[in-house]
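Please walk through this protein chain with the sequence and the 3D view side by side. The text below moves from the inside of the chain outwards.

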Amino acid sequence: MNQSPSVHLVFVYGTLKRGHSNHHWLAGATFLGRRLLRGGRLHDLGLYPMAVLSPDQQAVIHGELFAVKEQGLARLDQLEGYPSFYDRSLQTLSTGETAWVYHGCPAQVADAPAVAFADWDTTPVLHY
């Protein structure tokens with residue numbers, strides 16, 4: 001799917017995924033399937049996870065890809081506390097697609113354990 005100025009691809013890995021507590025924030029978005037992000041680590045902050053980007057391409061995060069309109073991205077920014085709590089940046093997924101990813105910094109997850117199998121509350125899809 002090509003991105004246009006009014007449609008954005010967003011990779012989600014925690015409470016925004018289907019069946020989770022904040023998925024309703026993606027109302028009106030189009031689910032594009034499960035995806036894999038290389039170069040990130042997922043940490044368990046208790047009620048939600050936080051991704052931290054890494055130069056290690058063996059570090060992966062499993063998640064879901066959605067196409068959202070401009071207003072949807074603005075709503076997600078509000079939920080994620082962007083840019084004061086979460087940052088967001090365009091990242092290339094293992095499929096070659098470029099998507100927005102909300103992430104934190106290493107100091108925010110210093111005492112947080114890694115998420116098992118790099119997949120928040122879901123059975124991972126292990127295709128590397």
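What follows describes a predicted model, beginning with its nonpolar core and going on to a helix and some aromatic rings.

Start with the interior. In soluble globular proteins, nonpolar side chains tend to be buried together. The largest nonpolar core here has 29 residues. The members that touch the most other members are Val10, Phe11, Tyr13, Leu26, Leu42, Ile61 and Tyr102. Two or more residues of this core come from each of strand E1 (7–12), strand E4 (49–53), strand E5 (60–69), helix H1 (70–80) and strand E7 (98–103). E5 gives the most, with five residues.

Phenylalanine 11 is worth a look of its own. Leaving aside neighbours within four places in sequence, phenylalanine 11 is in contact with residues from several stretches of the chain, among them Leu36, Leu37, Ile61, Leu65, Leu93, Ala99 and Val101. Its contacts also include Arg35, His62, Glu64 and Trp100.

Now turn to H1. Which residues of H1 are buried? They are Gly72, Leu73, Leu76, Asp77 and Glu80. Seen down the axis of H1, these buried residues fall within an arc of 145°, so they line one face of the helix. Gln71 and Gln78, on the other side of H1, are exposed. The cover over the buried residues of H1 includes E1, E5, E6 and E7. After H1 comes glycine 81, with a positive phi near 65°.

The aromatic rings come next. The model has three aromatic pairs. In one of them, tyrosine 48 and phenylalanine 85 meet edge-to-face, with 6.5 Å from centre to centre and 75° between the planes. This pair links distant parts of the chain, 37 residues apart: tyrosine 48 is in the loop between strand E3 (40–44) and E4, and phenylalanine 85 is in the loop between H1 and strand E6 (87–92). Phenylalanine 85 also pairs with tyrosine 86; their ring centres are 5.2 Å apart and their planes are at 80°, so this pair is edge-to-face. Tyr48, Phe85 and Tyr86 thus form one aromatic cluster.

Are the members of this cluster buried or exposed? Tyrosine 86 is buried, with a relative accessible area of 4%. Tyrosine 48 is partly exposed at 30%, and phenylalanine 85 is partly exposed at 37%.

Two arginines lie over ring faces. Arginine 18 is over the face of phenylalanine 31, at 3.8 Å from the ring centre. Arginine 88 is over the face of tryptophan 100, at 4.3 Å from the ring centre.

Note on methods. Residues numbered from 1 in each chain as written. Predicted model: local features only at pLDDT ≥ 70, side-chain atom pairs only at ≥ 80, totals over all residues. Heavy atoms only, no water. Core = buried A, V, L, I, M, F, W, Y, C linked by side-chain atoms within 4.5 Å. Buried < 20%, exposed > 50% of the residue type's maximum accessible area, 1.4 Å probe, protein only. Helix = DSSP H or I, 4+ residues; strand = E, 2+ residues; numbered from the N terminus. Contact = heavy atoms within 4.5 Å. Phe/Tyr/Trp six-rings, centres within 6.5 Å; stacked < 30°, edge-to-face > 60°. Lys NZ or Arg CZ within 6 Å of the ring centre and 35° of its normal. Arc of directions from axis to C-beta.
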